[in-house]
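Welcome to a short tour of a protein model and its ligand. Have the coordinates open as you read, and follow along residue by residue.

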Amino acid sequence: MSKKIIIIGATSGIGEELARQCVEKEYLVAGTGRRIERLEALKKELGNYFHYSEMDVTDHESSKQQLHELIRQMGGMDIIVLNAGISNYQASSITSMEQMIVDVNVSGFVQLFGEAFKYFRQQGYGQIVGVSSIASLFGSSRAAPYSASKAFISTYMQAYRQRSNSMNHDITITDVKPGFVKSEMTEGKKGMFWVAETDKAVRQMLKDIEKKKSHSVVTRRWILVAWLLRLTPNWILDRL
Ligand SMILES: NC(=O)c1ccc[n+]([C@@H]2O[C@H](COP(=O)([O-])OP(=O)(O)OC[C@H]3O[C@@H](n4cnc5c(N)ncnc54)[C@H](OP(=O)(O)O)[C@@H]3O)[C@@H](O)[C@H]2O)c1
């Protein structure tokens, strides 16, 4: 039987490509996002293997309801990928931009994570994939709320992995840390290096999801950066 995967944030970039690659592998896929026209276009392209629902993760009650509606439409859920995220946002002030990043990347994530965890606990198995970032490994002066939001979700997933292990739940929690990947998020940004093609990064990510890894760094060369960052003393990180 086909695996059933729900991708939160499937209207562009990593999430959209993941939806395509999962359908190629004959998964039953559901995708969400605020841009309904993108979801309709994906439906036309992917056909019967694809379900969708308009969803804004900052609307907690409605997004939890949409999640359950998608589970109902697909007849179950084996994997959820919490991919929705923003790195900057047009806002009237820095404070409201920072608040929006926290609302989407942290609060939106926590709400759906909790709902999925409860569902998988009752089902007896499942996999939650959270898309964090290499940026979670250090504070970045140019992206303080973004790097902190990703550190939050990585730490959160580690804590839930411990909880799941101590209670003997068969729930895999996969923390994906991409380096730079081509997408709308990185379009036109300066100062990037080793920017990976989206399809390559997603192929590696999907391989790690299928292997039920607890940690995935994509693309592979970013493992070196992650390792170096972990070894770098704070007095150097404070001056980056
Ligand atoms: N690209 C990179 O270099 C990179 C590196 C590390 C980590 N990441 C992470 O990878 C994930 C995907 O990013 P991407 O690079 O593919 O960027 P992207 O093309 O901008 O995709 C972001 C996705 O998140 C969704 N989203 C944003 N705000 C939302 C909201 N309020 N409610 C529901 N969905 C929302 C977007 O859908 P709508 O706009 O339609 O709502 C879209 O589907 C993000 O979590 C990002 O932080 C990316």
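Let us start with helix α2, which spans residues 36-46 and has Leu39, Leu42 and Leu46 as its buried residues. These three lie on the same side of α2, because they cover an arc of only 60° around the axis. Please keep in mind that this is a predicted model. What do the buried residues of α2 pack against? Their partners are α1 (13-24), β2 (28-33) and β3 (50-54). Just after α2 comes Gly47, and its phi is positive, near 70°.

Now for the ligand, which is surrounded by 30 residues. The closest of them are Thr11, Ser12, Arg34, Tyr146 and Ser183. Sorted by class, this shell holds 13 nonpolar, 12 polar and five charged residues. Helices α1 and α5 (144-166) each contribute at least two residues to the shell.

Three side chains place an N or O atom at the following distances from an oxygen atom of the ligand:

| Side chain | Distance from its N or O atom to a ligand oxygen atom |
|---|---|
| Ser12 | 2.8 Å |
| Arg35 | 2.9 Å |
| Tyr146 | 2.6 Å |

How much of the ligand's accessible area does the protein cover? On its own the ligand has 880 Å² of accessible area, and the protein covers 96% of that.

Next, have a look at Met100, which sits in helix α4 (residues 94-123). Is Met100 buried or exposed? Met100 counts as buried because its relative accessibility is 16%, and the cut-off for buried is under 20%. If you would like a distance to check in your viewer, try Met100 and Ser87: their C-alpha atoms are 9.6 Å apart in space, while the two residues are 13 apart in sequence.

Our last stop is helix α7, made up of residues 222-231. Which residues of α7 are buried? They are Trp222, Val225, Ala226 and Leu229. These residues cover an arc of only 100° around the axis, so they lie on the same side of α7. Trp227 and Leu231, by contrast, are exposed on the other side of α7. The buried residues of α7 pack against β7 (215-218) and α8 (234-237).

To look back at the two helices together, the buried residues of α2 share one side of that helix, and those of α7 share one side of theirs.

Conventions: Residues numbered from 1 in each chain as written. Predicted model: local features only at pLDDT ≥ 70, side-chain atom pairs only at ≥ 80, totals over all residues. Heavy atoms only, no water. Buried < 20%, exposed > 50% of the residue type's maximum accessible area, 1.4 Å probe, protein only. Helix = DSSP H or I, 4+ residues; strand = E, 2+ residues; numbered from the N terminus. Arc of directions from axis to C-beta. Contact = heavy atoms within 4.5 Å. Near = heavy atom within 4 Å. Polar contact = N/O pair within 3.5 Å; in protein donor to acceptor, adjacent residues only side chain to side chain. Areas by Shrake-Rupley, 256 points an atom, 1.4 Å probe, with all protein chains shown as cover. Nonpolar A, V, L, I, M, F, W, Y, C, P; charged D, E, K, R; others polar.
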